[in-house]
Amino acid sequence: MSDHGIPLGEYPANHIPVHDEIERNIWPFNLPEEEREDFAFRLLLSLPLGKITNVQDRLYPYLHKDFSSHLPQELCVIIFSFLDARTLLSCGLVSKSWRRIAMEPLLWKLLYHRKGWTVNDTAVAEWEKLVQELFQAKHMLQKGIDLKTGGPATPTTVEDARHFEEKVNARYPHVTADEGGILKYCARADMSPAQRARMTISDIRLDYKYLYQQHEELDRNWKIGKCRMFEFGLDGPEEERHMEGIYTVQFDQNWIITGSRDRRIIIWDMKTLRYHSKLVGHEGSVLCLQFDAKEGIIISGSSDSTMVIWDMFTGVKKATLRGHQESVLNLHFNDKYIVSCSKDCTIRVWDRRSEDYECIRVLQGHSAAVNAVQFKDNIIVSGSGDRVIKVWNLETGEVIRDIFGHARGIACIEFDGQYIVSGSSDKSIKMFDLNGNELRAFRGHDNLVRTIQLSSAMRRIVSGSYDETIRIWDLDSTREGSALQLGNHHQARIFRLQFDSRRIMSSSSVAGIVVYDFGVDVDCTFF
């Protein structure tokens, strides 16, 4: 029994050497591991609590190996990249070295894009250009050089630099300047003032952790329906707006394109929501369109049975495609092909690489108007008033599969290469795989489902109906009919909608475009 009341126990005599003083001092090391473990435990228990704590502190480096201090930074980032955002933030509280890795901008960029989120490339380019100019101006000012003249700095130089900084901060009100006058997006959260002072232009990178947090807030707004609704396109001179219902709308980061029953296509500026220009040339209603601003083209389909390929910025007709015998109801294109469908029950494939956009294939098989068509790689999917979804081989024109599931005609189709989503006049939305297996059914609309969009990355479907409502369906919800219904702001049949990470734009039988903006209380500068 020790002084502290903990019995040490007795050990076999043959384990305790007594013939040599040196061996007597090291005899525990000769015991088997299990016995040494038991002896060490009993020995620790014989010590006061404070002494045990001291031993624990001395053992800590042996029990807790911090891989971050032994592995290259790049490998540590890869290891941390397997964590989700919440766990990553918790790791940042462990130690300074873990925080340095957890705050690594590249890591948050990986997490951001893994969510399927994107950034507005134009906005990012503008920001980088402004900030780099600001950084360079400050750097030259510190050296006493006027950036404009290359000569010695003057009081005017200092004032110009200050005004330029104010201009940048006014342009990005959510991103206030830090101690060095460099916007906080430029510096990592754990940078010290000394580190900021050593920054170079190559260090100017977007703070993806901040973007991630803002995007999570944006997603929460989608889930609870927190948005700002407004309408544009109703005011202004008659020649700068539509005079009848808008059948189709599409937008990207910079432009909004609409096509109307009034036979006109109007291009709107996304930033200002103001009229930019119009295209006139169809002899019937503009029923469908798609555009590519990088390529500078718009392709539109009309009730006059033609498709027109336009130069987006000059308004010049580059080509008129004739072949369909009735209204062109839908179209889709990539860099190789244009695929169109018509009220004449056919689908046509046009070769964009040929000089005259030759029609290389006519797909026949539907027994009613083909209302919708989409294609991805070598697969075309079409939906028709005959209640059938057909999957085609683009190269051969052969039907791969017929998919049945709707009780009435199919009005719209979405196909992302993996899933097919269809909307029907039976008031339902259904999701299929490419083998024709029905995966989900979404019911809630009270009339024909005219338009849908699927985003597997955002885990949602948005639909618009003749019941004058727009509904948001959460793909992660297992409850049928658990859609979030947005108010019937249109008060008219909804013809077309499109959404991105921030907003929904929709058009209807009245001459205006309705926007549902979910960026309420969110910094959407780069979305």
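## Exercises on a predicted model

Five bridges join strand β27 (residues 503-508) to β28, and the two run antiparallel. The model is predicted. Work each task on the structure above.

**Exercise 1. Place β28 among its partners.**
Task: find which strands pair with β28, and in which sense.

Solution.
- Start with β27. Its residue M505 has V515 of β28 as bridge partner.
- Look at the link. β27 and β28 form a hairpin, with four residues between them.
- Now take β1 (residues 228-232). Its pairing with β28 is also antiparallel, over five bridges.
- Check one position: F232 stands opposite I513 in β28.

**Exercise 2. Buried or exposed?**
Task: decide how well β28 (residues 513-517) is covered, and on which faces.

Solution.
- Recall the rule: in a regular strand, side chains alternate between the two faces of the sheet.
- Sort the residues. I513, V515 and D517 lie on one side, V514 and Y516 on the other.
- Apply the cut-off: buried means under 20% relative accessible area.
- Read the result. Five of the five residues in β28 are buried, so both faces count as covered.

**Exercise 3. Order a sheet.**
Task: give the strand order of the open four-stranded sheet and name its edges.

Solution.
- The order is β2-β3-β4-β5, with antiparallel pairing.
- β2 (246-251) and β5 (274-280) each have a single partner strand, so one side of each lacks a neighbour in the sheet. These are the edges.
- Neighbouring strands of this sheet are turned by 20 degrees against each other on average, direction ignored.
- Inspect one pair. β2 and β3 (residues 255-260) are joined by five bridges. Within that pair, Q250 has I257 of β3 as bridge partner.

**Exercise 4. Describe a pocket.**
Task: characterise the second largest pocket by volume, lining and residue class.

Solution.
- Volume: about 430 Å³ of space.
- Lining: 18 residues, of which D219, K223, M458, R460 and D474 are the closest to the centre.
- Elements: α11 (208-224) and β24 (470-474) are those that give two or more residues to the lining. The largest share, five residues, comes from α11.
- Class: the lining has eight nonpolar, one polar and nine charged residues.

**Exercise 5. Check the cysteines.**
Task: count the disulfides, then classify C91 and C345 by accessibility.

Solution.
- Require two cysteine sulfur atoms within 2.5 Å. The count of disulfides is zero.
- C91 has 11% relative accessibility, so C91 is buried.
- C345 has a relative accessible area of 22%, so C345 is partly exposed.

Terms used:
Residues numbered from 1 in each chain as written. Predicted model: local features only at pLDDT ≥ 70, side-chain atom pairs only at ≥ 80, totals over all residues. Heavy atoms only, no water. Buried < 20%, exposed > 50% of the residue type's maximum accessible area, 1.4 Å probe, protein only. Pairing = 2+ DSSP bridges. 1 Å grid on protein atoms, 1.4 Å probe; cavity = no way out; pocket = protein on both sides within 12 Å on 5 of 7 lines; lining within 4 Å. Points joined across faces, edges and corners; volume = space filled by probe spheres on them. Nonpolar A, V, L, I, M, F, W, Y, C, P; charged D, E, K, R; others polar. Axes fitted to C-alpha atoms, helices over the stretch in contact; angles between N-to-C directions.
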